[in-house]
Amino acid sequence: MNRDRYFQLGADLEASFLSVIEGHSAPTLAVSALTERGILCSKDGYEVRQQVELPVPSRAADALKGETTLGETLRALLAETRIRKRLDRQGLASVISSLRSEKTRAVTASIDHRMSARTIRAFELAKLVRTPANRCLSRSIALVQRLAAQGCAAHLVIGVRVIPFAAHSWAQIGDVVLNDSPEEVARFTQIFVL
């Protein structure tokens, strides 16, 4: 995350990695290489965060078809633009760190609140102004951030698929995807949830 890149291990390092996480031994050289890359770490001196487990989304938010205001749609566009610029200037790790802090304000995992539903709809309408191509990360971060400010604890999810390689991100609460379709996000394996 600190380098804003995805990676795939070569066959030898992958075998060593799987061996270590299953509790078996692996060649010292391979373990050193995995440790230097930050893929493995010792228990001492490192904070280990547990990955949030989310179900595969089975439905889209009803709010995608709801009502919103022009002002809320403009705020959605502005929020997405600001996140895009922050990603360019500061990198993904910094933006994620800030979002993690902002999410501590969120108290509910519900989109039943009228303001949250309008915000979700506004981000959907914003896609009509700015094409969604290659904007899923900034749009999803901005949506999760706006919802957190309203007290709604949505999750940012980043997923990948291998063949052909692609990455995608979306916002989700429980089994409800907030800014995409369940069919689209089901094509990706979750690799990061905040």
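**A walk through the fold**

Among contacts in the protein chain between residues at least 6 apart in sequence, 71% join residues at least 24 apart. Keep that in mind as you turn the model, which is a predicted one, because contact here means heavy atoms within 4.5 Å.

Let's start with the overall layout. The protein chain holds seven helices and five strands. Reading from the N terminus, you will meet them in the order α-α-β-α-α-α-α-β-β-β-α-β. Of the 194 residues in the protein chain, 39% are buried. The accessible surface comes to about 11,600 Å², and carbon and sulfur atoms account for 53% of that area.

Now find helix α5, which spans residues 114-129. Its 16 residues reach 23 Å from the first C-alpha to the last, close to the 22 Å expected at 1.5 Å a residue. Which residues of this helix are buried? They are S116, T119, I120, R121, A122, F123 and A126. Notice that an arginine, R121, appears in that list alongside residues such as I120 and F123. What covers these buried residues includes two other helices, α3 (70-90) and α6 (136-149).

Stay on α5 for a moment and look for V129, which is also found in this helix. Is V129 buried or exposed? V129 has a relative accessible area of 59%, and it counts as exposed because the cut-off for that label is over 50%. V129 also offers a nice example of sequence separation set beside distance in space: V129 and L74 are 55 residues apart in sequence, while their C-alpha atoms are 9.9 Å apart.

Next, move along to the strands, with β3 (residues 166-173) as your anchor. Strand β3 is mostly covered, with seven of its eight residues buried. On one side of the pairing story is β2 (residues 155-161), which runs antiparallel to β3 and is joined to it by seven bridges. If you would like one pair to click on, try I158, whose bridge partner in β3 is S169. The hairpin that joins β2 to β3 passes through four residues.

Strand β3 has another antiparallel partner in β4 (residues 176-177), and two bridges join them. Here Q172 stands opposite V177 in β4. The hairpin of β3 and β4 has two residues between the strands, and within this hairpin G174 takes a positive phi near 60°. As you look along these strands, it helps to remember that side chains in a regular strand alternate between the two faces of the sheet.

Note on methods:
Residues are numbered from 1 along each chain as its sequence is written. This is a predicted model: local features need pLDDT of at least 70, side-chain atom pairs count only at pLDDT 80 or more; totals for chains, interfaces and linings use all residues. Side-chain values use heavy atoms; hydrogens and water are left out. The expected span of a helix is 1.5 Å times one less than its number of residues. Buried means under 20% relative accessible area, exposed over 50%, partly exposed in between (1.4 Å probe, protein chains only). Accessible areas come from the Shrake-Rupley method with a 1.4 Å probe; for residues, only the protein chains shown count as cover. Two strands pair if DSSP finds at least two bridges between them.
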